[in-house]
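Reader: I'm new to this and keep tripping over words like "contact" and "core". Could you take me through a structure and tell me how each label is earned?

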Amino acid sequence: MKVLMFGWEFPPHISGGLGTACYGLTKGLSNSGVEVLFVMPSASGDEDQRAVKIINASEVEISQRVTDVRSFLENVQFLRVGTNMVPYLTPEEFTEMVEKSKKGQVKEYKNFLGQKFKFSGKYGSNLMEEVSRYAMVAAEIASQYEFDIIHAHDWLTYMAGVAAKKLTGKPLVVHMHATEFDRSGENINTLVYDLEKRGMREADMVIAVSNLTRNIVINKYGIHPSKVVTVHNAVDFDGFEQVEIDNRIDEKIVTFLGRITYQKGPEYFIEAAAKVLKRYPNVRFVMAGSGDLLNRSIRRVAKLGIATKFHFTGFLRGEDVKRMFAFSDVYVMPSVSEPFGISPLEAMRSNVPTIISKQSGVAEVLHHAIKVDFWDIDALADAIYGLLAYPALGQMVTKHGLDEVNALRWDTAALQIKDIYAQLTKNQLL
Amino acid sequence: MKKSICIYFQVHQPDRLRLYRFFDIGRESWYYDDFANRTILQRVAERCYLPANRIILELIKKHKGAFRLTYSISGVVLEQFEKYTPQVIESFKELAKTGCVEFLAETYAHSLSSLVCEEEFRRQVKMHSEKIEELFGKKPAIFRNTELIYSDKIGSLVADMGFKGMLTEGAKHILGWKSPNYLYTNSLNPRLKLLLKNFQLSDDIAFRFSDRSWENWPLTADKYITWLSRSLEREEIVNLFMDYETFGEHQQESTGIFKFLEHLPGAILSQTNFEFLTVSEACKKHQPVAPLHVPYAISWADEERDTSAWLGNELQNEAFGKLYEVREQVAESGDPDLAADFLKLQESDHFYYMCTKFFSDGAVHKYFNPYDTPYEAFINYMNVLSDFLVRVQKRSLATMVKSGTEIAVKKGSKKLKGR
């Protein structure tokens, strides 16, 4: 079994959970004997290629054959509009990105034939253009390689997947890691929505990372339930090392770690913190991350008069994240909508008791985390208080949580996906 | 000699706690979900207790004393009956009047006190016996512990309190090759007779009756009595122990469970060599065959038949330990409100809700549980307990001051006399 997989990023160069998930999944697939050709817009050459063969879309020349499917590609052309749609970006990163793209604007895509396209592979202002160019290159790649099935991750690569399917007739699997509704609430970007919907309609099977996401796919995109299956994400802790902290302070620390955006529900964390602080003074709250709701959050904390007990760290990365976990007594993820959510697993792996919202996909696979509705501030405050005031609870959650997290293997997810591949390729032969 | 069949039904409902947030601690000391407790009790009374009692009464009249059985009713559910559905108590009184029904002793609060505190255990059993005598006119002679929990030590304690017999589970890991269908004795005190539940035949009714995937579905009275007579060749006594809520609540009326109940006694009496006895009568009639050694506590719950459903994880042990820490202070305070809450907080059900086994051990736990997860159950219980502990603390400070003044006054008066 050989799969042509379209992704957007791959470790070590990642900006979100997508790259990590692709890495874990491809490793799992290769363990179960599936060969993966992984196409990404811009490879740097230092990707871990033990499990997959990476194809760098920036190095593929467009040939004559692809122009035969031009009629299809013309459908994709509408995407080549400059747009400033930018997911996953902090304000600082955004300015940086705009500056860069002004300077390094690539000129060479006026002509299709015999050209290489240069992709940045980043989430930037030229995203839509890149998406459509990626689709053209994908068609080229599909015509050059042998494979049994096509697998595309998230909407950025769906057009690439569809192009490859149109050209070769091989079955297409699209993988929903997040929907536009998760990213933007009800105020969606309709361009992205259309792309997602189109990708899923053309696909032979849609994989959702949780039942939560599956329901959104069915209810908001109108995809037939029989075509949508849930394969829960897993987590790969190879080489995960815990940071030891010696000079711990006496006070307990409750942590929120993530982008401070609508999707992550920071305001619920702040309100709950205020309630807890009224009855349990010996605790500090930390909000780590940045995002468009940061300023509003700071104002709210000041207004509630808890600023001496509530701290903002800004964006953390790498070692700092681990140190933050090591300092924490409680980790809270009050997401309004979270397709899956890896960070609670990292917290649990670091022996931190965890509270997650019921509106997260990860709640479907975890037993030993405390689950509350994101909007139920009283319940959230109660859970935080419970973990702080009743030590037996924290010990119990931590102990069992660690076992549970360690049992979430990508190999299991990969086996499910392999079954899906097998079923689709069999159907095709009939 | 005729073989004996002992039927015993357990009647119990917990006092479910309301959603009690930590900000209520020290401010609001009403702990119970009155609405849930009332509506559930009324529902179960209507679906189970009242119709089942009616049928039992008819059966007793119809068979003219040949149909006899045993009940155990927890003290806390009796209080709930008095408060919400007094007609249930009346219908039990009518059963008691027939003389064909025996009522057992148990711990008043359906508690686990036998596992940790002899004094509390004795107190609750005494309380319960008095309550039963007051309502049904007869002092119980046989004891059944919460969830049929039993060990050698508990047995000898029960014997010491003057009971003639005790009920427990016919747990496989205790019996080994031995049969539950005989009378046994406590290994420390041979005067205490033991009746063991035949879990196969009991669970056929209690758990499997309506299970359509069971190969023996549908279960009829005729089918059941062939099993009954076949399973006892030389043995003497079969004990069918189950929750009374089996009739109409766990197995709904539409499954035909009441029809089964109506037909079973007649079929047994006419077609087999069995006679119905209450547990006291069975203890008198039969000779025990051997002492039974039970070094560690057993119960009738789950596959393990041990106490791990209530005291099997850190959460349960923590909550349980914290509660019993203040027992003496509560007793000394003499405060009736504290004493009442202390009883209700001891109900085994609260600890059952914190059981983490139900992640694997399925449906039975889930059915009885008002909480989504054991963690929620723990947090809620601990919040309530925290408030309770605050009250105990305040109260015992007050009593200390009071008794201190009394002592001072006495000393003062002595001095006065001395002069």
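Reader: How do you know that domain 1 of chain A touches domain 2 of chain A?

Author: This is a predicted model, and here "in contact" asks for C-beta atoms within 7 Å. In chain A, 16 residues of domain 1 meet that test with 14 residues of domain 2, so the two count as touching. On the domain 1 side, α7 (180–184) and α9 (211–221) of chain A each give two or more residues.

Reader: What makes a residue on that side of domain 1 of chain A polar, nonpolar or charged?

Author: Just its residue type: Asp, Glu, Lys and Arg are charged, for instance, and Gly goes with the polar ones. Sorted like that, the side of domain 1 of chain A that touches domain 2 has four nonpolar, ten polar and two charged residues.

Reader: And where does domain 1 of chain A run?

Author: The domain assignment gives it two pieces, 2–234 and 410–429, while domain 2 of chain A is 252–406.

Reader: Why is the set of 243 residues called a nonpolar core?

Author: Because its members are buried residues of nonpolar kinds, joined through C-beta atoms within 7 Å. Among the 243 residues of the largest one, A:Val39, A:Ala138, A:Val206 and A:Ile384 touch the most other members. Helix α5 (residues 127–144) of chain A gives the most to this core, eleven residues.

Reader: Which residues does A:Val39 touch?

Author: Leaving out residues up to four places away in sequence, A:Val39 touches A:Leu4, A:Met5, A:Phe6, A:Ile55, A:Ala57, A:Ala138 and A:Ile141.

Reader: What makes a residue of chain A count as buried?

Author: You need 20 or more other C-beta atoms within 10 Å of its own. In chain A, 47% of the 430 residues count as buried.

Reader: How do you know that chain B touches chain A?

Author: Same kind of check: 13 residues of chain B are in contact with 16 residues of chain A. On the chain B side, α17(B) gives the most, with four residues. By class, that side has eight nonpolar, two polar and three charged residues.

Reader: How many residues link the two domains inside chain B?

Author: There, 26 residues of domain 1 are in contact with 21 residues of domain 2. The domain 1 side of chain B divides into 14 nonpolar, six polar and six charged residues. Taken over C-alpha atoms, the centres of these two domains of chain B are 26 Å apart.

Technical notes
Residues numbered from 1 in each chain as written. Chains lettered and ligands numbered in written order. Predicted model: local features only at pLDDT ≥ 70, side-chain atom pairs only at ≥ 80, totals over all residues. Domains from an automatic or database assignment. Buried ≥ 20, exposed ≤ 12 C-beta atoms within 10 Å, placed from the backbone.
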